[in-house]
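User: I'd like to go through the labels on this model and see what backs each one. Could you take me through the reasoning?

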Amino acid sequence: MSAETLDHAIRRAADALRSARRVAVLTGAGVSAESGVPTFRASDGLWEGHRIEDVASPDGFRRDPKLVWHFYNGRRANVASVQPNPGHSALAALESRFASNFTLVTQNVDGLHQAAGNRNVLEVHGSLRRTRCTECGAVRDRGLEALAEMPTCALCAGLLRPDIVWFGEMLPARIWEEAVAAVEACDVFLVVGTSAVVQPAAGLIHLARHRADWIGEGEGATVVEVNLTPTVASHAAHIGLYGPSGQTLPRVVDLLRND
Ligand SMILES: [Zn+2]
């Protein structure tokens, strides 16, 4: 992609959305970071001196469930103290425009998209708001209420864990299939606040761009990358909006509103 001004890129993104029938969005930690949710992987990968893999993995939980809950109770308290930002609101406005033809796939676990008003949200990494029983498997939405140091299941008294996809665990199959289907069917794919280099973003971008190769109809989707700065994989995007998504996305939505 050749260099272009942000103004021009914003106009092109609005034009692509104006003629789109179906829109899919993938969001990552960058969107939440603008609300004040810490991104451990983006910094030094440490929490209170612990490697993030040690508090976000099945092994770490087996070794020290209390430490893992200390980490997640802290994250729950953090999310309870923050608000969706204008980038979240812009994505909620896009869902209002496209209704059932809009799917938001998120790697974020904080529920801020739903708090901003998005309804069709696929949480591929789970949710901080839910617990899952390690014994009976019961999943409960606990919102952001304060939990015990080591919360237990109301049904079987088993130890609860966060309903989060940890390092070394598979993505939830059904939700992932829905995400793939939405990306395959979209005309515009927005990739927001997540590196286009790593999976699953890289794979979904490929899917959006090249679906025509194998279903043999129409053209691939227009891929719009929305990130603070370009990445080495930004050439895979047709349009790049570089800057805080809380600043760029509202401008795209404003252009659409003025139709
Ligand atoms: Zn249970």
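**Labels and the values behind them**

Analyst: Let's start with helix H8: its face turned away from the buried side carries the exposed residues Ala173, Arg174 and Glu177. Bear in mind that this is a predicted model.

User: Which residues of H8 are buried, and what puts them on the same side of the helix?

Analyst: The buried ones are Ala179, Val180, Ala182 and Val183. Buried here means under 20% relative accessible area. They cover an arc of only 165° around the axis, so they sit on the same side of H8. As a rule, an α-helix has 3.6 residues a turn, so residues three or four places apart point the same way.

User: How do you know what span to expect for H8?

Analyst: The expectation is 1.5 Å times one less than the number of residues. H8 runs over residues 173-185, which is 13 residues, and its first-to-last C-alpha distance of 18 Å is close to the expected 18 Å. Helix H5 (residues 65-80) gets the same check: 16 residues, reaching 22 Å, close to the 22 Å expected.

User: What do the buried residues of H5 pack against?

Analyst: They pack against strands S2 (46-47) and S3 (50-51), helices H3 (52-55) and H4 (58-63), plus S6 and S8. Among those buried residues are Trp69, Phe71, Tyr72, Arg75 and Arg76.

User: On to the metal. Which residues coordinate the zinc ion, and why is the arrangement called tetrahedral?

Analyst: The zinc ion is held by the SG atoms of Cys133, Cys136, Cys153 and Cys156, at 2.3 to 2.4 Å. For the tetrahedral label, all angles must lie between 85 and 135 degrees. The 4 donor atoms subtend angles of 95 to 119°, so the arrangement is tetrahedral.

User: What spacing do the donors follow along the chain?

Analyst: The spacing is C-x2-C-x16-C-x2-C. One pair links distant parts of the chain: cysteine 136 is in the loop between strands S6 (126-133) and S7 (139-141), while cysteine 156 is in the loop between S7 and strand S8 (160-164), 20 residues apart.

User: Why is cysteine 136 called partly exposed?

Analyst: Partly exposed lies between the 20% and 50% cut-offs. Cysteine 136 has a relative accessible area of 42%, so it is partly exposed. Cysteine 156, at 35%, is partly exposed too.

User: And histidine 113: buried or exposed?

Analyst: Histidine 113 has a relative accessible area of 1%, so it counts as buried. This histidine is found in helix H7 (residues 112-116), and its contacts include Thr27, His88, Leu104 and Asn118.

Notes
Residues are numbered from 1 along each chain as its sequence is written. This is a predicted model: local features need pLDDT of at least 70, side-chain atom pairs count only at pLDDT 80 or more; totals for chains, interfaces and linings use all residues. Side-chain values use heavy atoms; hydrogens and water are left out. Donors are N, O and S atoms within 2.8 Å of the metal (3.2 Å for Na, K and Ca); water is not among the atoms, so sites may look incomplete. Four donors count as tetrahedral if all angles lie between 85 and 135 degrees; four count as square planar and six as octahedral if opposite donors are over 155 degrees apart and all others between 65 and 115; anything else is irregular. Helices (H or I, at least four residues) and strands (E, at least two) are DSSP runs, numbered from the N terminus. Buried means under 20% relative accessible area, exposed over 50%, partly exposed in between (1.4 Å probe, protein chains only). Contact means heavy atoms within 4.5 Å. The arc is that of the directions from the helix axis to the C-beta atoms.
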